[in-house]
Amino acid sequence: MTETHSTGVRGDSGPQVARLVASRVLDVPDFPKPGVMFKDLMPLFADGAVFREVIDGIVEYHGRDSFDIVVGIEARGFVIAAAIAYATGVGVVPVRKAGKLPRAAYAASYALEYGEATLEVHQDAFTAGHRVLVVDDVLATGGTAEATLDLVERAGGTVAGFTVLLELGFLEGRKKLAGRPVHALLTV
């Protein structure tokens, strides 16, 4: 459940964490095309103390022993996943764009506003029953997240949680993930 307080800043881990994330998001107008307001999270990644607090907050939310491996979605999800994996002593698995993985992979295609995209994960990425925490930077329309969660399950993993730093709530991506565990540190 997303908490909202008088400041208008809301997130599933409460207003303090939501404010922290919001303080390090820069709005970049007209990127990647006119009319789009890009939410740049690079300042959050560049601030060591804030990045550590965010990663610690994600681990605390899910519980250190609630997952066996972390999946990061290309590309900024790799940064988050690697930090969580290191903090908890588990492994990390990348979900990549099509054609980037060297061994047999499962693929999932999904619709974008402007076309279609395909993601892949190695077929041997998980052992049966692996509890998998999936992380990414942003939840928008939910297509990328839905495809990734399906890939994890096709490869034998069990989705233990899905966390994003920023949810663009007005795009209603969470609806596409109904019945799935979704955790957003900041929802705008």
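Which elements make a right-handed β-α-β unit with helix H5 (residues 143-154)? In this predicted model, the unit consists of strand S9, helix H5 and strand S10. Strand S10 pairs with S9 and also with strand S11, and most of its residues are buried. The points below describe these strands, an annotated span, one histidine and two aromatic pairs.

**Strand S10 and its partners**
- Strand S10 covers residues 158-167, and 8 of its 10 residues are buried.
- Strand S9 (residues 131-139) runs parallel to S10, and the pairing extends over 8 bridges.
- Within this pairing, Asp-136 has Val-164 of S10 as its bridge partner.
- Strand S11 (residues 182-187) also pairs with S10 in the parallel sense, here over 5 bridges.
- Phe-162 has Val-182 of S11 as its bridge partner.

**The annotated span**
- An unreviewed UniProt entry places the feature "domain: Phosphoribosyltransferase" at residues 52-166.
- Helix makes up 31% of residues 52-166 and strand makes up 40%.
- The C-alpha atoms at the two ends of this span lie 16 Å apart.

**His-122 and its contacts**
- His-122 belongs to strand S8, which covers residues 115-122.
- The relative accessible area of His-122 is 12%, so the residue counts as buried, the cut-off being under 20%.
- Leaving aside residues up to four places away in sequence, His-122 touches Leu-101, Pro-102, Arg-103, Ala-104, Ala-105 and Ala-155.

**Aromatic pairs**
- The model contains 2 aromatic pairs under the rule applied.
- In one of them, the ring centres of Phe-31 and Phe-38 are 5.2 Å apart and the planes stand at 85°; the pair is therefore edge-to-face, a class that requires an angle over 60 degrees.
- Phe-31 has a relative accessible area of 43%, which makes this residue partly exposed.
- Phe-38 is likewise partly exposed, at 24%.
- Phe-45 and Phe-51 form an edge-to-face pair too, with 5.6 Å from centre to centre and 85° between the planes.
- Both Phe-45 and Phe-51 are buried, whereas Phe-31 is partly exposed, as is Phe-38.

Notes. Residues numbered from 1 in each chain as written. Predicted model: local features only at pLDDT ≥ 70, side-chain atom pairs only at ≥ 80, totals over all residues. Heavy atoms only, no water. Phe/Tyr/Trp six-rings, centres within 6.5 Å; stacked < 30°, edge-to-face > 60°. Buried < 20%, exposed > 50% of the residue type's maximum accessible area, 1.4 Å probe, protein only. Helix = DSSP H or I, 4+ residues; strand = E, 2+ residues; numbered from the N terminus. Pairing = 2+ DSSP bridges. Right-handed = clockwise from strand over helix to strand, strands pointing away. UniProt positions renumbered as here; feature names shortened; annotations may be inferred. Contact = heavy atoms within 4.5 Å.
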